[in-house]
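Work through these exercises with the model open beside you. Try each task before you read its solution.

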Amino acid sequence: MPNRRSAITPGRGIPGRGHPAAEISGRLGELSWELPHTFLGLDEGASEFESASAVLLPVPYEATTSYGGGAQAGPAAIIDASRYIELYDRELDADATTVGIHTLPALELTRDGAEKAMAELESSYRTVAEVCGDRFLMMLGGEHSVSAPAIRAQAARRSERITVLQFDAHADLRDVFEGSHWSHACAMARVLDVVDLVSVGIRAVCEEEVEVWRRNDAVTLIWADDMWEDDEWMDRAMEALGDTVYITFDVDYFDPSLVPSTGTPEPGGGDWYRTLRFLRRVFTEKNVIACDIVELAPTPGLHAPDFLVAKLAYKLIGYRFEDRLTDGG
Ligand SMILES: [Mn+2]
């Protein structure tokens, strides 16, 4: 495992020219500082906004979680864990940080009710997306309700219809949940008027959600138990996806043996390699414009889920820029 003293990982936290510590005093620059609190612990040179192709937006928002809380600590846990994962991606035979990855500060939303917070997020996200231009924007939640404003903002920016590819144990298609239209359990119901939806790994739904699926051609559900025997479901999902895709990744999609650190875990979820195989295919065949990863609720003393989710985030960036990374240019 690399740490701040690994001389073979330049650009990763060792204060050099341009680092504030080195600028204050040459002597300070020689000390062994902890890695910066950026995604992957990248220093200013490797993570500056101007040259970055990918941008992370932490949104540690949590208000409507049903059972276990803690998703507001998700973005910080992902970033913390990411500082210790290997930068070399063996599958791609490349260091994906060379595309440039910038980590924005966390967005603070109003606590004056979910409806106001979601309106504020949609407006703020639109601003971030405009400033980012064609950079790959990855939002880190927070609870799943944050996805709806981001998806609505992305849909409003495009002339073509986008498909949301949802990884999740739950369909999140309830119109209202516990009196709120803006609950995490309604996240996908809040975007159905503007996007098509392909949901993968679903295994906990109510009858109302099954009805929405049955009567709506724009909704494709891939049940978790259909994913177990073979990969036929991947073809069905690919066929249902349009060319322009937004990925929303609720980490409770994964089996709780891999990611128990989430508010409403469900048995029978996705595994690591099958999921990566599908994701790589999606990024190869479709134009993935943005994504989010939500619902990690870190468990004190149990850091494997934090590492898994941090690595997932890095894999998504690697797949998104695979063409560039493997061309050598
Ligand atoms: Mn879920």
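**Exercise 1. A helix over the sheet**

Across which strands does helix 8 lie, and at about what angle does it run to strand 8?

Solution. Start with the ground rules. This is a predicted model: local features need pLDDT of at least 70, side-chain atom pairs count only at pLDDT 80 or more, and totals for chains, interfaces and linings use all residues. Residues are numbered from 1 along each chain as its sequence is written.

Step 1. Find the elements. Helices (H or I, at least four residues) and strands (E, at least two) are DSSP runs, numbered from the N terminus. Helix 8 spans residues 232-240.

Step 2. Read off the answer. Helix 8 lies across strand 7 and strand 8. Helix 8 runs at about 165 degrees to strand 8. Axes are lines fitted to C-alpha atoms, for helices over the stretch in contact, and angles run from 0 to 180 degrees between N-to-C directions. Contact means that the C-beta atoms of two residues, placed from the backbone, lie within 7 Å.

**Exercise 2. The order of the strands**

Find the strand order of the open sheet of eight strands. Which strands form its edges?

Solution. Step 1. Know the rule. Strands of a sheet pair through backbone hydrogen bonds, either parallel or antiparallel. Here, two strands pair if DSSP finds at least two bridges between them.

Step 2. Trace the order. It is 4-1-5-10-9-6-7-8, with parallel pairing.

Step 3. Check the ends. Strand 4 (101-103) and strand 8 (219-223) each pair on one side only, as edge strands. From one strand to the next, the twist averages 15 degrees.

Step 4. Look at one pair. Strand 7 (residues 195-202) joins strand 8 over five bridges, in the parallel sense. Val200 has Ile222 in strand 8 as its bridge partner.

**Exercise 3. A covered strand**

How many residues of strand 6 are buried, and which lie on each side?

Solution. Step 1. Set the cut-offs. A residue is buried if 20 or more other C-beta atoms lie within 10 Å of its own, exposed if 12 or fewer, and partly exposed in between; C-beta atoms are placed from the backbone.

Step 2. Count. In strand 6 (residues 162-167), six of six residues are buried.

Step 3. Sort by face. In a regular strand the side chains alternate between the two faces of the sheet. Ile162, Val164 and Gln166 are on one side. Thr163, Leu165 and Phe167 are on the other.

Step 4. Find the neighbours. Strand 6 pairs with strand 7 over six bridges in the parallel sense. There, Thr163 has Asp196 as its partner. Strand 6 also pairs with strand 9 (residues 244-250), in the parallel sense over five bridges. There, Val164 has Tyr246 as its partner.

**Exercise 4. Helix 4 and the core**

Why is helix 4 largely enclosed by the rest of the structure?

Solution. Step 1. Count. Helix 4 is largely enclosed because seven of its nine residues are buried. Among them are Pro75, Ile78 and Ile79.

Step 2. Find what covers helix 4. Its buried residues pack against strand 1, strand 4, strand 5 (136-141) and helix 10.

Step 3. Follow Ile78. Setting aside residues up to four places away in sequence, Ile78 touches Leu140, Leu296, Asp306, Val309, Ala310 and Ala313.

Step 4. Widen the view. A nonpolar core is a set of buried Ala, Val, Leu, Ile, Met, Phe, Trp, Tyr and Cys residues joined through C-beta atoms within 7 Å. The largest such core has 92 residues, and Ile78 is one of the five that touch the most other members. Helix 10 (residues 304-320) gives the most to this core, with nine residues.

**Exercise 5. Unusual backbone angles**

Is Asp93 buried or exposed? Is Glu295 buried or exposed?

Solution. Step 1. Recall the usual case. Most residues other than glycine have a negative phi, and most peptide bonds are trans.

Step 2. Take Asp93. Its phi is near 50 degrees, a positive value. Asp93 sits in the loop between strand 2 (88-89) and strand 3 (94-95). Asp93 counts as exposed, because it has 9 C-beta neighbours inside 10 Å.

Step 3. Take Glu295. Its phi is positive too, near 75 degrees. Glu295 sits in the loop between strand 10 (287-294) and helix 10. Glu295 is buried, because 31 other C-beta atoms lie within 10 Å.

Step 4. Add a peptide bond. From Gly141 to Gly142 the bond is cis, with omega near 20 degrees. Gly142 lies in the loop between strand 5 and helix 6 (147-157).
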